[in-house]
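Hi,

Here is the structure I promised to pass on. Have a look at it first, and then read my notes below.

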Amino acid sequence: GFCCGAGGARMFMEETIGKRINNDRAQQIVDSGAQMVASSCPFCATMLNDGIMETDRQIPVKDIAEILDEATQIEYRVYC
């Protein structure tokens, strides 16, 4: 429910004062005990993944579509 830190194009800025928002969010994820993070926003996925890499934990960040794909185990065939 909170910004990952990429809002307003902050994803492309180098912070020089204070703590990066994505690192705060990543620490909140670690503290929650979550085993996986789901996001439908590519900016959030990138920012949260970068923040989690700053911790000692390895928590996968996946797009909701990836989770759905893995859960359904449907094999797709492409015909040309």
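**How H1 and H2 pack**

Let me start with the helix pair: H1 and H2 pack with their axes 8 Å apart and at an angle of about 70°. Angles of 65 to 115 degrees count as roughly perpendicular, so H1 and H2 are roughly perpendicular to each other. On the H1 side, the residues that meet H2 are Asn-22, Asn-23, Arg-25, Ala-26 and Ile-29. Their partners in H2 are Met-47, Leu-48, Asp-50, Gly-51 and Ile-52. Sorted by type, the residues of this contact come out as five nonpolar, three polar and two charged.

Before going further, please keep in mind that this is a predicted model.

**The chain as a whole**

Stepping back, the protein chain has three helices and two strands. Read from the N terminus, its elements run α-β-α-β-α. There are 80 residues in the chain, and buried ones make up 25% of them. If you take the contacts with a separation of 6 or more, 56% of them are between residues 24 or more positions apart.

**More on H2**

H2 covers residues 42-53, which is twelve residues. From its first C-alpha to its last it reaches 16 Å, close to the 16 Å expected at 1.5 Å a residue. Which residues of H2 are buried? They are Ala-45, Met-47, Leu-48, Gly-51 and Ile-52. What covers them includes helix H1 (21-32), along with strand E1 (37-39) and strand E2 (61-63). Four of the names should look familiar from the helix contact: Met-47, Leu-48, Gly-51 and Ile-52 also meet H1.

**The cysteines**

You may wonder about Cys-41 and Cys-44. How far is the sulfur of Cys-41 from the closest cysteine sulfur? The distance is 3.8 Å, and that closest sulfur belongs to Cys-44. A disulfide needs the two sulfur atoms within 2.5 Å, so this pair is too far apart for a bond. By this rule, the count of disulfides comes to zero.

Both of these cysteines are partly exposed: Cys-41 has a relative accessibility of 26%, and Cys-44 has 21%. Cys-44 is in helix H2. Leaving aside neighbours within four places in sequence, Cys-44 is in contact with Cys-4 and Ser-39. Its C-alpha is 9.3 Å from that of Val-61, which is 17 residues away in sequence.

**Ser-39 in E1**

That brings me to Ser-39, which is found in strand E1. Is Ser-39 buried or exposed? With a relative accessible area of 8%, Ser-39 is buried, because the cut-off for buried is under 20%. Beyond its neighbours within four places in sequence, Ser-39 is in contact with Cys-44 and Ala-45, and also with Lys-62, Asp-63 and Ile-64.

**Thr-55 and Gln-27**

Thr-55 is in the loop between H2 and E2. At 17% relative accessibility, Thr-55 counts as buried. Leaving out neighbours within four places in sequence, Thr-55 is in contact with Gln-27 and Val-30. The C-alpha atoms of Thr-55 and Asn-23 are separated by 8.5 Å, with their positions 32 residues apart along the chain. Asn-23 is also one of the H1 residues that meet H2.

Gln-27, for its part, is found in helix H1. Gln-27 is partly exposed, with a relative accessible area of 32%. Gln-27 and Arg-57 are 30 residues apart in sequence, while their C-alpha atoms are 9.7 Å apart in space.

**Gly-5, before H1**

One last residue to look up is Gly-5, in the segment before H1. Gly-5 counts as buried, at 6% relative accessibility. What is the C-alpha separation between Gly-5 and Leu-48, 43 residues apart along the chain? The answer is 8.7 Å. Leu-48 is itself one of the buried residues of H2.

Best wishes

Conventions. Residues numbered from 1 in each chain as written. Predicted model: local features only at pLDDT ≥ 70, side-chain atom pairs only at ≥ 80, totals over all residues. Heavy atoms only, no water. Buried < 20%, exposed > 50% of the residue type's maximum accessible area, 1.4 Å probe, protein only. Expected span 1.5 Å × (residues − 1). Contact = heavy atoms within 4.5 Å. Axes fitted to C-alpha atoms, helices over the stretch in contact; angles between N-to-C directions. Parallel < 35°, antiparallel > 145°, perpendicular 65-115°, else oblique. Nonpolar A, V, L, I, M, F, W, Y, C, P; charged D, E, K, R; others polar.
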